[in-house]
Structure formats: structure tokens, C-alpha cells
Amino acid sequence: MMERVKKIAKPLLLLIVLGLAVALPWLGLEKYQLRVLTLALAWAVAAVSLNLILGYTGQASLAHGAFLGIGAYAFGIFTGRMGWNFWPSLLVAGLVPAFLGLLVGLPSLRTRGPYFAIVTLCFNVIVFKVFENWTWLSGGYQGQAVPKPGFLVQRWARYYFVLAALVLVLLVVRMIVKSLLGVTFMSIRSNEGLAEAVGINAFRYKLLSFTASCFLVGLAGALLALENGHLDYTITSYTYSFNLLVYVLIGGAATLSGPVIGAMGLYYLLEHIEKAVGEYRYAIFGLLLILVIIFFPRGVAGGVERLWKWLKENRARRKAGEEVVEG
């Protein structure tokens, strides 16, 4: 009986959470609150993309802020300046960062550990400076407007669109993680040398994971541009790479729900206390990260999973003890 309950508990919980997310726009939220939630969902897509390369493949990329901005600008340029249809532009927003990620990954993924993080961070700084100074591309300080298609003019419509994108991305990532490809990614994360010893081409799979991750974060950039309706060069900032890293680590790397919890929880929290704390929000980021690393090394989602496992083991021990006493 208990096993049957366990099997339906998780899908039931997911349905409840999804139902609540669908109902939120009709619960009397202000326009600002709905906008913040929409942006938080878009950041969750970006965090899930980073988790694919960081959590499941074990490569700490610090260039996702650049790829996020490149995807946003690709979407804005093709819809705004070139007049392309919404759907092809959205696809291009993923393909352009994926192609650049492939080019960046070819040399950088031959390095390991902190060296890869440093190389990707340098790339992010270069991209930021290019967009800052190349005004034809970025629009300079004025930036550029991002048009909205007719079916996404309403704020609630954009909320549901970004929510659907997040659910779709989570399903795709889950399919990858549960497949043989996902097992290969995780074997590289656990022990790259051993994976290569048994015949796995670690470089090829790391490059595949990195390219797919760049495609997804480019889509997240397009979603952010769509909701904001405006772009400027700061969207490529390397601070966003660190923000995404914090979202994933606090939420829980190598889990499906962790990046979503981290991104939505932290973004929503900091947006509401920004006026009170100002630039001190980065100090709050750092403090939260330190506390999580010390007390929840696997993040919030990992901590909840660990607590659930402890409760089950404790219950099993208690039940075994009762059976011994009765015997």
C-alpha cells in the first residue's frame, strides 16, 4: 500500500504545483507581481540550461550570461530590425548561441576544472565589451525595442507562454537525463578519467552538453527580451553568469527542481527587497551561498530529498524495532 502511495505522491505533487502556477494570474495579482513572476520563470529556464552542463556534466561555465544576451539580441534583431516572424526568430535565438557555444567549446573544453571556468569567464567579458562598444549591434545605451506578437500582447498571455516554455524545457532535460546520454554525462561528471578509460569520448559529450545548454539559455534570453520589450548591452553582463551559478547551487545542482526553486525563489525575493537593500543584494547572494554550501551542500532540493530519505529510514527502523518487540 505504501509503495503505491509513494508512486502517485510525486506526480500528484507536480500536478498541484502546476495547477497553482496556472491559477496564479487569476488570484488577484497586480500587474507588477505577474511581470516579476514571468521574469522569474524565464530565469528558471536559464538556470535549468546551466544545470545541464554544470550539474549533470560537471563543467562550471561562467559564460552563460553572454549566451543569454546573445540569444536575446538575436531574437530582438530578427524580429525588430529584420521583421522576421516570431517563431523562426525564437529558433534563431537558440541556434546562434548554440553555434557560438560550439565554437567556444572546441578549444575551452579541452581544459578542465577551474581553467574551463576562467576561459568561459574571459569569453563573457569579451562579449560584454563588444556589445558595450559596438553600438550598431547593441543600440548602445539606448538599446533597442523588442516587438511583441499579437497573441502575446497581454501580460497574462506572456506569463503562460513562458510557463509553457519552462515545462517543455524541463521535460526535454528530464528525457536527456534519464536516457543513456544522461548517464554518459553523469559518468563524466563523476570521474572523467574513468569514463575515458571505458571508451567514452569525454570531450565529444562535454561539447554536446555545452552546445545544448547554450541553445536553451539563448531561448531564455529571448523570453526575457520578450517580457521586457527592450534590450541594452547590459543583458550580456558576466554578473548574470554568476547569478545563474548561484541560482543552481542554492536550488540544487543535478536535480530537475533545484534550478527552478533557486531561480524563482531568489529572483522573486531580491526583486521585492531591492529598494531596501540596493547593491547589498550581492552580499545577500554571497551569504546565502555560503550558508547553503555549509548546511545544504546539495542545495535546497537536495536537502529536502535528504530529509525525506532520513524520515523514511527512521520510520523503517522504528517499524523494525516494533516488530522485534512484538516477536
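Guide: In this structure, a salt bridge is a side-chain nitrogen of Lys or Arg within 4 Å of a carboxyl oxygen of Asp or Glu. This is a predicted model, where local features need pLDDT of at least 70 and side-chain atom pairs count only at pLDDT 80 or more, while totals for chains, interfaces and linings use all residues. Residues are numbered from 1 along each chain as its sequence is written, and side-chain values use heavy atoms, with hydrogens and water left out.

Visitor: How many salt bridges does a search of the whole structure find?

Guide: The search finds 7.

Visitor: What makes Glu227 and Arg35 a salt bridge?

Guide: Their closest N and O atoms are 3.7 Å apart, and the cut-off is 4 Å, so the pair qualifies. Glu227 sits in helix α10 and Arg35 in helix α2, so this bridge ties together parts 192 residues apart in sequence. Helices here are DSSP runs of H or I with at least four residues, and strands are runs of E with at least two, numbered from the N terminus. Arg35 and Glu227 also belong to a salt-bridge network with Arg155 and Arg158.

Visitor: Why is Glu227 called buried?

Guide: Its relative accessible area is 3%, and buried means under 20%, exposed over 50% and partly exposed in between (1.4 Å probe, protein chains only). Glu227 is therefore buried. Its partner Arg35, at 26%, is partly exposed.

Visitor: How do you know that Glu192 and Arg112 meet in a salt bridge?

Guide: The N to O distance is 3.3 Å, which is within the limit of 4 Å, so the pair counts. Glu192 lies in helix α9 (residues 192–197) and Arg112 in the loop between α4 (86–108) and α5 (114–133), 80 residues apart. At 13% relative accessibility, Glu192 counts as buried, whereas Arg112, at 43%, counts as partly exposed.

Visitor: Which residue forms a salt bridge with Arg112 at 3.4 Å?

Guide: That residue is Glu196. Glu196 is in helix α9 and Arg112 in the loop between α4 and α5, so the pair ties together parts 84 residues apart in sequence. Glu196 has 37% relative accessibility and therefore counts as partly exposed.

Visitor: Is Asn243 buried or exposed?

Guide: At 10% relative accessibility, Asn243 counts as buried. Asn243 lies in helix α11 (residues 238–251). Leaving aside neighbours within four places in sequence, Asn243 is in contact (heavy atoms within 4.5 Å) with Tyr282 and Phe285.

Visitor: Why does Ile294 count as exposed?

Guide: Ile294 has 54% relative accessibility, and the bound is over 50%, so Ile294 counts as exposed. Ile294 lies in helix α13 (residues 281–295). A nonpolar surface patch of about 630 Å² is made by Ile294 together with Leu287, Ile290, Leu291, Phe295 and Phe296. Patch residues have over 30% relative accessible area and no salt bridge; like charges are joined within 9 Å, and nonpolar side chains (Val, Leu, Ile, Met, Phe, Trp, Tyr) within 5 Å. Areas come from the Shrake-Rupley method with a 1.4 Å probe, and for residues only the protein chains shown count as cover.

Visitor: What is unusual to look at in the backbone of Ala254, and where is its place?

Guide: Ala254 has a positive phi of about 60° although it is not a glycine. Ala254 is in the loop between α11 and α12, and at 29% relative accessibility it counts as partly exposed.
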